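I opened this notebook to record what I looked up in one structure. The entries follow the order in which I made the searches.

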Amino acid sequence: QVQLVESGGGLVQAGGSLRLSCAASIRPFSRYRMGWFRQAPGKEREFVAVISYSGLGRYYADSVKGRFAVSRDNAKNVVYLQMNSLKPEDTAVYYCAADSTVPSSAWAATPYRSLEVWGQGTLVTVSS
C-alpha cells in the first residue's frame, strides 16, 4: 500500500524552528520526487518545497526561501522539511507529496491534485 505519513508538527513561537518528517512506503523511493505543500485555514493548498530523486535539485516557494530547507534520506525512505525563523503566516497543515513524473522545476506551477501520492498532513501553528 502506497503511503506517506507526516510527523513533527506542533505549536511553536514566532522565530522558532520545527522539523517535519515524511515516511514513505512507496517503492522505489529513490525514483520519486518528494515535496511539501501547505494549506492555511480558508486558503488554497500551496507549494512549499520539492527535492529531486538525488537530492541535488531543490526548489522553494519565495515565501519560505532562506528559512526552510528540504532534504531526503533515500536509505530510510524519509523526506524532511526543516523550518526556521517561523512566522505566524506559516501556520497551516503541511502535506507531503510524491510524484514520479512531474519535474521538480514544475511542481510550483502544477495543480496539486495532479501529483500522485499525498499524506494526511500535520498541523503547524506559529504563535505571535
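**Entry 1. Contacts and overall form**

I take two residues to be in contact when heavy atoms lie within 4.5 Å. The model I am reading is predicted. I first asked how contacts are spread along the sequence: among those in the protein between residues at least 6 apart, 58% join residues at least 24 apart.

I then looked up the secondary structure and found 0 helices and 11 strands. Read along the sequence, the pattern is accordingly β-β-β-β-β-β-β-β-β-β-β.

For the overall dimensions, I noted that the C-alpha trace spans about 40 × 30 × 25 Å along its principal axes. I compared the radius of gyration with the value for a compact globule: with 128 residues such a globule would have one near 14 Å, and the protein has 13 Å, which agrees. Of the 128 residues, 47% are buried.

**Entry 2. The disulfide**

How many disulfides does a search of the whole structure find? I recorded 1 disulfide. I note for the reader that a disulfide is a covalent bond between the sulfur atoms of two cysteines. Here C22 and C96 form the disulfide, with their sulfur atoms 2.1 Å apart. C22 belongs to strand β3 (residues 18–24) and C96 to strand β9 (residues 92–99), so the pair ties together parts that are 74 residues apart in sequence.

I also looked up the torsion about the S-S bond of C22 and C96; it is about -85 degrees, so the disulfide is left-handed. Are C22 and C96 buried or exposed? I found both C22 and C96 to be buried.

**Entry 3. Strand β4 and its partners**

I turned next to strand β4 (residues 33–39). In this strand 6 of the 7 residues are buried, so β4 is largely enclosed by the rest of the structure.

Which strands pair with β4? I found that β4 and β9 run antiparallel and are joined by 7 bridges. Within this pairing, W36 has C96 in β9 as its bridge partner; C96 is also one of the two cysteines of the disulfide. The pairing of β4 with strand β5 (residues 46–51) is likewise antiparallel, and I recorded 5 bridges for it. M34 stands opposite I51 in β5.

I followed the chain from β4 into β5 and noted that they form a hairpin with 6 residues between them. In the turn, G42 has a positive phi of about 75 degrees.

**Entry 4. Salt bridges**

A search of the whole structure gave me 4 salt bridges. One of them joins D90 to R38, whose closest N and O atoms are 2.9 Å apart. This pair links distant parts of the chain, 52 residues apart: D90 is in the loop between β8 (78–83) and β9, and R38 is in strand β4.

I looked up a second partner of D90 and found R67, the side chains meeting in a salt bridge at 2.7 Å, N to O. This pair also links distant parts of the chain, 23 residues apart, with D90 in the loop between β8 and β9 and R67 in the loop between β6 (58–60) and β7 (68–73).

Are D90, R38 and R67 buried or exposed? D90 has 0% relative accessibility and counts as buried. R38 is buried at a relative accessible area of 6%, and R67 is buried at 11%. I further recorded that R38, E46, R67 and D90 are linked in a network of salt bridges.

I noted one salt bridge between exposed residues: K65 and D62 have their closest N and O atoms 3.0 Å apart, and both K65 and D62 are exposed.

**Entry 5. Residue Q39**

My last query concerned Q39, which lies in strand β4. At 24% relative accessibility, Q39 counts as partly exposed.

What does Q39 touch, leaving aside its neighbours within four places in sequence? I found contacts with E44, R45, A92, V93 and Y95. I also noted that a polar atom of the Q39 side chain lies 3.1 Å from the backbone oxygen of K43.

Finally, I looked up the separation between Q39 and S104, which are 65 residues apart along the chain; their C-alpha atoms are separated by 20 Å.

Notes:
Residues numbered from 1 in each chain as written. Predicted model: local features only at pLDDT ≥ 70, side-chain atom pairs only at ≥ 80, totals over all residues. Heavy atoms only, no water. Disulfide = S-S within 2.5 Å. Helix = DSSP H or I, 4+ residues; strand = E, 2+ residues; numbered from the N terminus. Buried < 20%, exposed > 50% of the residue type's maximum accessible area, 1.4 Å probe, protein only. Pairing = 2+ DSSP bridges. Polar contact = N/O pair within 3.5 Å; in protein donor to acceptor, adjacent residues only side chain to side chain. Rg over C-alpha atoms; globule rule 2.2 N^0.38 Å.
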